[in-house]
Amino acid sequence: SALMAAGERFARWQHSPAAMRAEEASSDLERLRALFAAERTANFPEFTDVYCVDAADDVLARFARARRGDPDAALAFLREDYEWRKAEDAASLRSTPPADVLGQSPDVLAEYYRRRCVGLDSAGRLTFYQAYACCVVKKLKTVVPLENVVKYHAWEQERATAMLDALRSRNRGDGTMAVILDVAGMTIGKHINKDFIWL
């Protein structure tokens with residue numbers, strides 16, 4: 001019968017790799033949530049402001065995914081990130097004009113650095129396209145100090161995270177990002193050096 005067929009499909013789904021991954025992710029988040037709650041007051045007193053969120057789960061889920069299967073490592077990673085964000089006042093980047101971060105108009109990067117948001121992919125991830133063939137770092141650093149380019153990267157990540165938060169508030173996206181890396185035209189001799197690796 002149709003009911004039996006539906007039951008068989010559901011049973012197969014329950015034991016599918018996707019279902020098992022979803023169950024593991026849920027378990028990881030639950031365990032991390034308990035560890036975080038035990039020390040939130042002592043070690044994360046400014047969590048809401050530091051991460052610009054109302055619901056801690058939005059952040060915890062990202063760290064649970066980053067250290068899948070190891071909630072203790074996820075919590076340690078979260079502690080490290082929290083301290084870095086506080087020290088750098090990373091949250092303020094969300095409202096800082098890009099020219100203030102870079103020290104000049106970001107238009108100067110156009111010849112060397114190409115990155116754009118292309119929307120949501122089929123899996124619901126916020127997706128960015130980044131081309132590297134034009135990124136000749138030994139030329140770039142004559143135009144912009146590389147320390148400022150690193151700050152600009154941090155600004156981009158904060159803006160992207162703000163986009164994820166806005167999407168989630170509208171029940172869109174899955175809370176993750178994907179980056180398409182276009183390396184066509186890159187060569188070791190022209191592009192890869194210690195500055196490129198550092199950047």
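## From Phe-36 outward

Leaving out neighbours within four places in sequence, Phe-36 is in contact with Phe-44, Phe-47, Ala-56, Leu-60, Leu-75 and Leu-78. This is a predicted model, and Phe-36 is a good place to enter it.

Phe-36 belongs to the largest nonpolar core, which has 18 residues. Phe-36, Phe-47, Tyr-51 and Leu-78 have the most contacts inside this core. Four helices each supply at least two of the core residues: α2 (17–43), α3 (47–51), α4 and α5. The largest share comes from α4, with five residues. In soluble globular proteins, nonpolar side chains tend to be buried together. A second core is separate and has 15 residues. Cys-135, Leu-140, Val-149 and Trp-155 are among them.

Now step back to the whole chain. The protein chain has 10 helices and three strands. Along the sequence, the pattern reads α-α-α-α-α-α-β-β-α-α-β-α-α. The protein chain has 199 residues, and buried residues make up 33% of them. Take the contacts between residues at least 6 apart in sequence: 68% of these join residues at least 24 apart.

The strands come next. Strand β1 covers residues 114–120 and runs antiparallel to β2, with six bridges joining the two. Five residues lie between the strands of this hairpin. Gly-124 takes a positive phi there, near 90°. Strand β2 spans residues 126–131. On its other pairing, β2 meets strand β3 (residues 177–182) in the parallel sense, over six bridges. Phe-128 ties the description together. In β2, Phe-128 stands opposite Cys-117. In β3, the bridge partner of Phe-128 is Val-179. Strand β2 is also mostly covered: of its six residues, five are buried.

Turn next to Tyr-152, which lies in helix α8. Is Tyr-152 buried or exposed? Its relative accessible area is 10%, so Tyr-152 counts as buried, the cut-off being under 20%. Setting aside residues up to four places away in sequence, Tyr-152 touches Pro-98, Val-101, Leu-102, Pro-106, Leu-109 and Tyr-113. Helix α6 comprises residues 98–102. The C-alpha atoms of Tyr-152 and Ala-99 are separated by 9.1 Å, although the two residues are 53 residues apart along the chain.

Asp-100 also sits in helix α6. Asp-100 and Tyr-152 are 52 residues apart in sequence, and their C-alpha atoms are 9.5 Å apart in space. Their surroundings contrast. Asp-100 has a relative accessible area of 58%, so Asp-100 is exposed, the cut-off here being over 50%. Tyr-152, by contrast, is buried.

The tour ends at the largest pocket. Its volume is about 570 Å³. How many residues line the largest pocket? The lining has 19, and Arg-62, Asp-81, Gln-157, Thr-161 and Met-177 lie nearest the centre. Three helices give two or more residues to this lining: α4 (57–66), α5 (71–88) and α8 (146–169). By class, nine lining residues are nonpolar, four are polar and six are charged. Helices α4 and α5 thus appear in two places. Each gives two or more residues to the pocket lining, and each supplies at least two residues of the largest nonpolar core. Helix α8 gives residues to the lining too, and Tyr-152 lies in α8.

Conventions: Residues numbered from 1 in each chain as written. Predicted model: local features only at pLDDT ≥ 70, side-chain atom pairs only at ≥ 80, totals over all residues. Heavy atoms only, no water. 1 Å grid on protein atoms, 1.4 Å probe; cavity = no way out; pocket = protein on both sides within 12 Å on 5 of 7 lines; lining within 4 Å. Points joined across faces, edges and corners; volume = space filled by probe spheres on them. Nonpolar A, V, L, I, M, F, W, Y, C, P; charged D, E, K, R; others polar. Core = buried A, V, L, I, M, F, W, Y, C linked by side-chain atoms within 4.5 Å. Buried < 20%, exposed > 50% of the residue type's maximum accessible area, 1.4 Å probe, protein only. Contact = heavy atoms within 4.5 Å. Pairing = 2+ DSSP bridges.
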